[in-house]
Amino acid sequence: MIKFIQQYLHTVALALGLIISLALGVLSFSGAAIAQQKADPAFQKMMQGGFKAEGIAGLDRIQQDETQAFCSDVDFANGNSKAATAKRETIQKLNMAEIQLPSDFIYIGDWKKGEAIAQSGRGATWTDSAKTPVGGGCYNCHEINKKEISYGNIGPSLWNYGKTRGYSKQIMVYTWNRISNSKAYNACSNMPRFAHFKLLNEKQIQDVMALLLDPQSPVNQ
Ligand code: HEC
């Protein structure tokens, strides 16, 4: 009987030890998550060890550029400090400066092709080839054509985009810039930088532009 109690106590002690070490593990893990925003070398090392290059998805994808590094430091980037405000402006200028206007000065392509691009979320994964056309996935975040009832709402509705804003040169250029590199207007915009990451080419941006800004597009009826 005594032996049994001894064994029982031993098991309880082991279990307690396990619980304590698990709790410590969770604590140090959340510590790591906070450190992540501070570009901690240990975190960088963990990231590099946790991913492997496969197909077209190289490890360059986990290298953050200046814009991403700034926005990953969430508390600072979203704060109201003078330093953060100044940095947001610098980041926006940096992104604005790299936007290329259409080489043929044509902003509007084919809205039907634009609808297909806005619908598609394909491309750029390691199972794709470099030649797979990448979709815009615009409906993931925006309502666009009312006929499509499945859409996300992280971004504003783009229904009647041209009809409500007009078709001026100013709106054309603004929309071109937004699609090319949204961070030119909002340093930590949640919208992907389609031209910066070569997700969409010039022709595809012209087609998506047509979906939003061709008076014939169903979006503007
Ligand atoms: C991951 C979400 C996301 C995706 C994908 C996305 N957007 Fe956006 N978009 C946003 C957000 C959020 C905004 C609001 C502005 C901001 O926060 O920067 C926005 C703003 C816009 C605006 C400006 C709207 C205005 O009224 O000024 C346009 C135009 C736009 N998006 C077009 C597109 C197009 C076209 C695509 C696909 C090629 C697309 N977006 C894909 C999130 C997204």
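Is His 142 buried or exposed? His 142 counts as buried, at 11% relative accessibility, where buried means under 20% relative accessible area, exposed means over 50%, and partly exposed lies in between (1.4 Å probe, protein chains only). Here are some notes to read beside the model.

1. **What you are looking at.** This is a predicted model, in which local features need pLDDT of at least 70 and side-chain atom pairs count only at pLDDT 80 or more, while totals for chains, interfaces and linings use all residues. Residues are numbered from 1 along each chain as its sequence is written, and side-chain values use heavy atoms, with hydrogens and water left out.

2. **The overall fold.** The chain has 9 helices and 0 strands; these are DSSP runs, with helices being H or I of at least four residues and strands being E of at least two, numbered from the N terminus. Along the sequence, the pattern reads α-α-α-α-α-α-α-α-α. Of the 221 residues, 31% count as buried. Take the contacts (heavy atoms within 4.5 Å) between residues at least 6 apart in sequence: 59% of them join residues at least 24 apart.

3. **The main core.** A nonpolar core is a set of buried Ala, Val, Leu, Ile, Met, Phe, Trp, Tyr and Cys residues joined through side-chain atoms within 4.5 Å. The largest one has 23 residues, and Ile 144, Tyr 161, Ile 179, Met 209, Leu 212 and Leu 213 touch the most other members. Two or more residues come from each of α6 (111–119), α8 (169–180) and α9 (202–213), and α9 gives the most, with 6 residues. As general background, nonpolar side chains tend to be buried together in soluble globular proteins.

4. **Ile 144 and a second core.** If you set aside neighbours within four places in sequence, Ile 144 is in contact with Ala 118, Cys 138, Tyr 139, Leu 158, Trp 159, Leu 211, Leu 212 and Val 219. Apart from the largest core lies another, of 5 residues, among them Phe 70, Cys 71, Ala 77 and Ile 91.

5. **The ligand site.** The ligand sits in the largest pocket. On a 1 Å grid over the protein atoms alone, a pocket is an open set of points with protein on both sides within 12 Å along at least five of seven lines; a molecule sits in a pocket if more than half of its atoms lie within 2 Å of its grid points. The elements that give two or more residues to the shell around the ligand are α7 (161–165), α8 and α9. Of these, α8 gives the most, with 4 residues.

6. **Who comes nearest.** There are 25 residues around the ligand, and Cys 138, Cys 141, His 142, Tyr 174 and Met 191 come nearest; a residue counts here if one of its heavy atoms lies within 4 Å of the molecule. Three side chains bring polar atoms to ligand oxygens. For Arg 165, an N or O atom of the side chain is 2.6 Å from a ligand oxygen; for Tyr 174, the corresponding distance is 2.5 Å; and for Ser 189, a polar side-chain atom lies 2.7 Å from a ligand oxygen.

7. **Ser 189.** This residue is found in the loop between α8 and α9. Ser 189 counts as buried because its relative accessibility is 8%. Its side chain also joins that of Ser 182 through a polar contact of 2.8 Å, meaning a pair of N or O atoms within 3.5 Å; within protein, one must be able to donate a hydrogen and the other to accept it, and residues adjacent in sequence count only if both atoms are side-chain atoms. Leaving aside neighbours within four places in sequence, Ser 189 is in contact with Arg 178, Ser 182 and Lys 183.

8. **The loop between α6 and α7.** His 142 lies in this loop, and so does Asn 145. Not counting residues up to four places away in sequence, His 142 touches Tyr 151, Gly 152, Gly 155, Pro 156, Leu 158 and Met 191. Asn 145 is buried, with a relative accessible area of 10%. On the same sequence basis, Asn 145 touches Glu 115, Tyr 139, Trp 159, Pro 218 and Val 219.

9. **Two backbone angles to check.** Most residues other than glycine have a negative phi. Phe 105, in the loop between α5 (82–97) and α6, has a positive phi near 60° and is exposed, with a relative accessible area of 68%. Asn 160, in the loop between α6 and α7, also has a positive phi near 60°, but Asn 160 counts as buried at 15% relative accessibility.

Notes. 1 Å grid on protein atoms, 1.4 Å probe; cavity = no way out; pocket = protein on both sides within 12 Å on 5 of 7 lines; lining within 4 Å.
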